[in-house]
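Please open the structure in the viewer and keep the selection panel at hand. The tour proceeds by selections, each followed by a description of what is found there.

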Amino acid sequence: MSTPTTVVPAQAAARLERYTVIDVRGPGEYAAGHVPGAHNIPLDRLHTALPALKAAAVSGDLLMVCASGNRSTTACRQLAAADIPAATLTGGTTAWAQQGHHLDQPEGVRNVWPMERQVRLAAGSLVVLGLAAGTRYKPARWLSAAIGTGLIFSAATNTCGMAAALARLPHNQPRHADLHTTLLALQSS
């Protein structure tokens, strides 16, 4: 499979009105700050949105966005497999903000930690729990070993099972109405 087309933040900012921007982060991450005009379709819901994305791609270029560029690259590959052309924002919203571009934040929405931070908290907590419990019950140390092994596997494969599990928590889930509204907006654009 080919490498997705990449767009650096300066290029994206100069052409922002020409893109249909799709943010593939979780709803909490999206609410904490997103590229202006971006629609939120979490990566694990992308398959649901394929018809709407295909319709949107007919009328303009798709730009996939996440925090760092990893999930948006994965999204581009999934879209390419469905014959939907898309580009990814190099460095994601992190690079976008670092280069001085504005991020939109909805009023009154509570901030949810970025997924990477949620993973670090969960992994660190489980390692400490395994070590602490291992002082009284030796087999509990295997929990720490399992988490460490999972982190190594995650780094080697550029995937994250823990992030996939955490994405299913209620505070990281889109409300059905939000996703439905997004899909309708994409199909009518």
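Axes here are lines fitted to C-alpha atoms, for helices over the stretch in contact, and angles between N-to-C directions run from 0 to 180 degrees. The model under inspection is a predicted one.

**First stop: a helix pair**

Select helix α6, residues 115-134, together with helix α7, residues 141-157. Their axes lie 6 Å apart and the helices pack at an angle of about 155°. Angles over 145 degrees count as roughly antiparallel, and α6 and α7 are therefore roughly antiparallel to each other. The crossing of these two helices, α6 and α7, is left-handed.

Next, display the side chains at the contact. From α6, select A123, L126, V127, L129, G130, L131 and G134; these meet R141, L143, S144, I147 and L151 of α7. Sorted by class, the residues of this contact of α6 with α7 comprise eight nonpolar, three polar and one charged.

**Second stop: the sheet**

Now turn to the strands. Which order do the five strands of the open sheet follow? The order is β1-β5-β4-β2-β3, and the pairing is parallel. At the edges are β1 (5-7) and β3 (39-40), each of which pairs on one side only.

Select strand β4, residues 61-65, within this sheet. Four of its five residues are buried, so β4 is largely enclosed by the rest of the structure.

On one side, bring up strand β2, residues 19-23, which runs parallel to β4 and is joined to β4 by five bridges. Two facing positions may be labelled: Y19 stands opposite D61 in β4, and T20 stands opposite L62 in β4. Then add strand β5, residues 87-89, which pairs with β4 in the parallel sense over two bridges. Here L63 stands opposite A87 in β5.

**Third stop: helices on the sheet**

With the strands still displayed, which strands does helix α3 touch as it packs on the sheet? Helix α3, residues 46-59, touches β2 and β4, and its direction makes about 145° with that of β4. Add helix α4, residues 70-81, which also packs on the sheet. This helix, α4, touches β4 and β5, and its direction makes about 140° with that of β4.

Hide the strands and compare the two helices directly. The axes of α3 and α4 are 11 Å apart, and the helices pack at an angle of about 60°. That angle makes α3 oblique to α4. The crossing of α3 and α4 is right-handed. For the side chains, select L46, L50 and L53 in α3, which meet A75, Q78 and L79 in α4. This contact of α3 with α4 has five nonpolar residues, one polar residue and no charged residues.

**Last stop: T182**

Finally, select T182, which is placed in helix α9, residues 176-188. Is T182 buried or exposed? Buried means under 20% relative accessible area; with a relative accessible area of 13%, T182 is therefore buried. Which residues is T182 in contact with, once its neighbours within four places in sequence are left aside? Display H39, N40 and I41, which are the residues in contact with T182 on that basis. The edge strand β3 (39-40) may be shown again alongside them.

How values were computed:
Residues numbered from 1 in each chain as written. Predicted model: local features only at pLDDT ≥ 70, side-chain atom pairs only at ≥ 80, totals over all residues. Heavy atoms only, no water. Parallel < 35°, antiparallel > 145°, perpendicular 65-115°, else oblique. Left-handed = near helix turned anticlockwise from the far one by under 90°. Contact = heavy atoms within 4.5 Å. Nonpolar A, V, L, I, M, F, W, Y, C, P; charged D, E, K, R; others polar. Buried < 20%, exposed > 50% of the residue type's maximum accessible area, 1.4 Å probe, protein only. Pairing = 2+ DSSP bridges.
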